[in-house]
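Me: I have a model open and would like to go through its packing with you, a few questions at a time. Shall we begin?

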Amino acid sequence: MSTQPNVYILSDSVGETAELVVKAGLSQFNNGEYKIHRVPYVEDKETIDEYLQIIKANNAMIGFTLVEPELRSYLNDQAEKMGIEAIDIMGPTIKSMERFFRTEPRLEPGLVHKLDEDYFKRVEAIEFAVKYDDGRDPRGISRADIILVGVSRTSKTPLSQYLANKRIKVANVPIVPEVDPPEELFEVNPEKCIGLRISPDKLNEIRKERLKALGLGNQATYATLNRINQELEYFNSIVDKIGCEVIDVSNKAVEETANLILQMFKKKQNKF
């Protein structure tokens with residue numbers, strides 16, 4: 001086959017499964033060159049008839065996933081009458097499983113996506129954590145499940161990502177004396193906020209290591225105890241104003257702090 005083939009994907013859901021299977025097969029032919037046309041949410045014979053005409057006119061083939069037996073049978077029969085090559089991806093699989101399990105299938109379109117709901121929630125939470133990291137967009141504060149508040153180098157970002165993997169949407173806000181925190185921080189339910197406290201000596205040690213990793217001298221203002229004490233004093237005033245709970249992260253690993261936050265979150269979840 002020298003021309004690029006057209007393949008139509010018909011599905012009673014989004015068509016992702018059929019497209020992946022068809023792509024895998026097509027990769028073995030025509031140097032993997034093809035044009036996919038996905039037709040999701042096919043729910044009636046009229047839609048099938050409409051696309052069969054288009055497919056016939058384009059000299060194309062079909063890959064389809066329809067769990068409803070009547071529609072599946074109709075598409076197979078009509079395609080055969082019209083001389084269209086049609087690949088029934090779900091039909092043989094369901095029939096084999098029906099024999100093996102000795103029970104009737106549920107015949108509900110899109111169930112695989114419902115089963116994957118946990119995965120999509122996790123991805124959504126991770127994207128949320130990235131978007132609202134380090135206070136870059138204060139609108140995230142009102143949308144978050146948890147808001148982490150702390151000075152620089154208190155593990156706000158890794159904590160946000162760790163919690164995102166637990167499907168929790170986290171925004172984090174850096175506290176800097178020269179910058180007023182966003183007003184949204186004081187308008188949100190304080191039970192959603194968690195302050196991350198750290199001892200001056202520990203923060204001094206962490207910041208010196210950070211500067212060293214960047215190839216900078218450890219005498220920069222950022223790492224001096226005077227500057228650190230100033231920041232921590234300001235941090236204390238902010239969390240007092242918010243009225244939120246505070247966790248001391250001085251000698252805790254990220255996982256340990258995250259588990260404490262998870263415990264707190266679960267206790268308060270019904271209040272949010």
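Me: Which residue has a side-chain polar atom 2.8 Å from the backbone nitrogen of Gly-91?
Reply: This is a predicted model, in which local features need pLDDT of at least 70, side-chain atom pairs count only at pLDDT 80 or more, and totals for chains, interfaces and linings use all residues. Residues are numbered from 1 along each chain as its sequence is written, and side-chain values use heavy atoms, with hydrogens and water left out. A polar contact is a pair of N or O atoms within 3.5 Å; within protein, one must be able to donate a hydrogen and the other to accept it, and residues adjacent in sequence count only if both atoms are side-chain atoms. The side chain that reaches the Gly-91 nitrogen belongs to Asp-88.

Me: Is Asp-88 buried or exposed?
Reply: Asp-88 sits in strand E4 (residues 86-88); helices (H or I, at least four residues) and strands (E, at least two) are DSSP runs, numbered from the N terminus. Buried means under 20% relative accessible area, exposed over 50%, and partly exposed in between (1.4 Å probe, protein chains only). At 18% relative accessibility, Asp-88 counts as buried.

Me: With which side chain does the side chain of Asp-88 make a polar contact?
Reply: Contact here means heavy atoms within 4.5 Å. Not counting residues up to four places away in sequence, Asp-88 touches Phe-64, Arg-72 and Asn-76. The side-chain polar contact, at 3.2 Å, is with Asn-76.

Me: Where do the buried residues of H2 lie around its axis?
Reply: The buried residues of H2 are Ile-48, Leu-52 and Ile-55, and what covers them includes strand E1 (6-11), strand E3 (61-65) and helix H3 (69-82). Turned away from that buried side are the exposed residues Glu-46, Gln-53 and Ala-57. Taking the directions from the helix axis to the C-beta atoms, the buried residues fall within an arc of 65°, so they line one face of the helix.

Me: Which residue caps the N-terminal end of H2?
Reply: Helix H2 covers residues 45-57, and after the helix comes Asn-59, with a positive phi near 50°. At the N-terminal end, a side-chain oxygen lies 3.3 Å from the backbone nitrogen of Glu-46, and that oxygen belongs to Asp-44.

Me: Which helix gives the most residues to the largest nonpolar core?
Reply: A nonpolar core is a set of buried Ala, Val, Leu, Ile, Met, Phe, Trp, Tyr and Cys residues joined through side-chain atoms within 4.5 Å. The largest one has 38 residues, and those with the most contacts inside it are Ile-146, Ile-147, Leu-148, Leu-185, Ile-194 and Ile-261. Strand E5 (146-150), helix H8 (156-164), strand E6 (170-174), strand E7 (193-197), helix H11 (225-242) and helix H12 (254-268) each supply at least two residues. With 7 residues, the most is given by H11.

Me: How many residues are in the other core, the one that includes Val-42 and Tyr-74?
Reply: That core lies apart from the largest one, and Ile-48 and Phe-64 are also among its residues. Ile-48 is one of the buried residues of H2. The number of residues in this other core is 17.

Me: What arc do the buried residues of H12 cover?
Reply: The buried residues of H12 are Thr-257, Ala-258, Ile-261, Leu-262, Met-264, Phe-265 and Lys-268. They pack against E5, H8, E7 and strand E8 (245-248), whereas Lys-266 and Lys-267 are exposed on the other side of H12. The buried set is on the same side of H12, covering an arc of only 170°.

Me: Which side chain makes a polar contact with the side chain of Glu-231?
Reply: Glu-231 is placed in helix H11 and counts as buried at 4% relative accessibility. Leaving aside neighbours within four places in sequence, Glu-231 is in contact with Val-151, Ser-152, Ile-175, Pro-177 and Arg-207. The polar contact, at 2.8 Å, is with the side chain of Arg-207.

Me: Are the rings of Phe-100 and Phe-101 stacked or edge-to-face?
Reply: Rings of Phe, Tyr and Trp (its six-membered ring) pair if their centres lie within 6.5 Å; planes under 30 degrees apart count as stacked, over 60 as edge-to-face and the rest as tilted. Phe-100 is exposed at 66% relative accessible area, and Phe-101 is exposed at 54%. Their ring centres are 5.1 Å apart with 80° between the planes, making the pair edge-to-face.

Terms used:
The expected span of a helix is 1.5 Å times one less than its number of residues.
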